[in-house]
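Thanks for making time this morning. I have one structure to go through, and I will keep to what can be read from the model.

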Amino acid sequence: MGIWIRSQNKMALINCKKFEINVENDCYEILANSNTTDETYDYIGVYSSKEKALKVLDMLEHSIVEAEDGLTYNMFQMPQDDEV
């Protein structure tokens with residue numbers, strides 16, 4: 001099971017299986033993988049600090065736990081940097 005994520009720029013809706021944080025030029029990018037057999041990741045959000053990126057991953061984790069308790073998929077909107 002995955003979780004449906006709407007990217008921060010609202011340009012993509014992805015059924016995500018795995019997440020990673022990538023550091024690029026002092027920006028913390030959250031990347032998502034939609035296929036467990038492929039190591040291709042899609043950009044879904046960027047944050048100005050490690051703490052903010054980790055907080056968003058915590059939010060995702062909470063949403064996934066809620067989705068597994070019910071029969072429906074949850075949808076998560078990646079927050080903007082200033083909302084974290």
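I will start with the overall layout, then take the core, the charged pairs, and a few single residues.

First, a caution: this is a predicted model. The protein chain has 1 helix and 6 strands. Read from the N terminus, the order of elements is β-β-β-β-β-α-β. Of the 84 residues in the chain, 31% are buried. The accessible surface comes to about 5,300 Å², and carbon and sulfur atoms hold 49% of that. As for how the chain folds back on itself, take the contacts between residues at least 6 apart in sequence: 43% of them join residues at least 24 apart.

Now the core. Which residues touch the most other members of the largest nonpolar core? That core has 14 residues, and the ones in question are Ile-5, Ile-30, Ile-44, Tyr-47, Val-56, Phe-76 and Met-78. At least two core residues come from each of strand 1 (3-6), strand 2 (13-16), strand 4, strand 5 and helix 1. Helix 1 gives the largest share, 3 residues.

Val-56 is a useful place to look from. Setting aside residues up to four places away in sequence, Val-56 touches Ile-30, Tyr-47, Phe-76, Met-78, Pro-79 and Val-84.

Next, the charged side chains. Side chains of opposite charge can pair when their charged atoms come close. In this model the count is 2 salt bridges.

One of them joins Lys-18 and Glu-39, at 3.0 Å from N to O. This pair links distant parts of the chain: Lys-18 is in strand 3 (residues 18-24), Glu-39 is in the loop between strand 4 and strand 5, and they are 21 residues apart. Lys-18 counts as partly exposed, because its relative accessibility is 27%. Glu-39, with a relative accessible area of 53%, is exposed.

The other salt bridge is between Asp-81 and Lys-52, at 3.3 Å from N to O. Asp-81 lies in the segment after strand 6 (75-77) and Lys-52 in helix 1, so this pair ties together parts that are 29 residues apart in sequence. Both partners are partly exposed: Asp-81 has a relative accessible area of 22%, and Lys-52 is at 21%.

There is also a charged residue without a partner. Where does Glu-29 sit? Glu-29 is found in strand 4 (residues 27-33). Glu-29 is buried yet has no salt bridge, and the nearest side chain of opposite charge, Lys-50, is 16 Å away. Beyond its neighbours within four places in sequence, Glu-29 is in contact with Glu-20, Ile-21, Asn-22, Glu-24, Gly-45 and Val-46.

That list leads to Val-46, which is in strand 5 (residues 42-47). Is Val-46 buried or partly exposed? Val-46 counts as partly exposed, because its relative accessibility is 25% and buried means under 20%. Apart from neighbours within four places in sequence, Val-46 contacts Gln-8, Cys-27, Tyr-28, Glu-29 and Asp-81. Asp-81 is the residue from the salt bridge with Lys-52. Val-46 and Gln-80 are 34 residues apart in sequence, while their C-alpha atoms are 8.0 Å apart in space.

Moving to the surface, Ile-21, Val-23 and Leu-54 make a nonpolar patch of about 220 Å². Ile-21 also appeared among the contacts of Glu-29. Leu-54 belongs to helix 1 (residues 50-69) and is partly exposed, with a relative accessible area of 37%.

Last, two backbone details. Lys-10 has a positive phi of about 65° although it is not a glycine. Lys-10 is in the loop between strand 1 and strand 2 and counts as partly exposed at 47% relative accessibility. Asp-26 likewise has a positive phi of about 65° without being a glycine. Asp-26 is in the loop between strand 3 and strand 4; with a relative accessible area of 68%, Asp-26 is exposed.

To go back over the main points: the nonpolar core has 14 residues, the model has 2 salt bridges, and Glu-29 is buried with no salt bridge. That is all from me.

Notes
Residues numbered from 1 in each chain as written. Predicted model: local features only at pLDDT ≥ 70, side-chain atom pairs only at ≥ 80, totals over all residues. Heavy atoms only, no water. Helix = DSSP H or I, 4+ residues; strand = E, 2+ residues; numbered from the N terminus. Buried < 20%, exposed > 50% of the residue type's maximum accessible area, 1.4 Å probe, protein only. Contact = heavy atoms within 4.5 Å. Lys, Arg positive; Asp, Glu negative; His and termini not counted. Salt bridge = Lys/Arg side-chain N within 4 Å of Asp/Glu carboxyl O. Patch = residues over 30% accessible without salt bridge, like charges linked within 9 Å, V, L, I, M, F, W, Y side chains within 5 Å. Areas by Shrake-Rupley, 256 points an atom, 1.4 Å probe, with all protein chains shown as cover. Core = buried A, V, L, I, M, F, W, Y, C linked by side-chain atoms within 4.5 Å.
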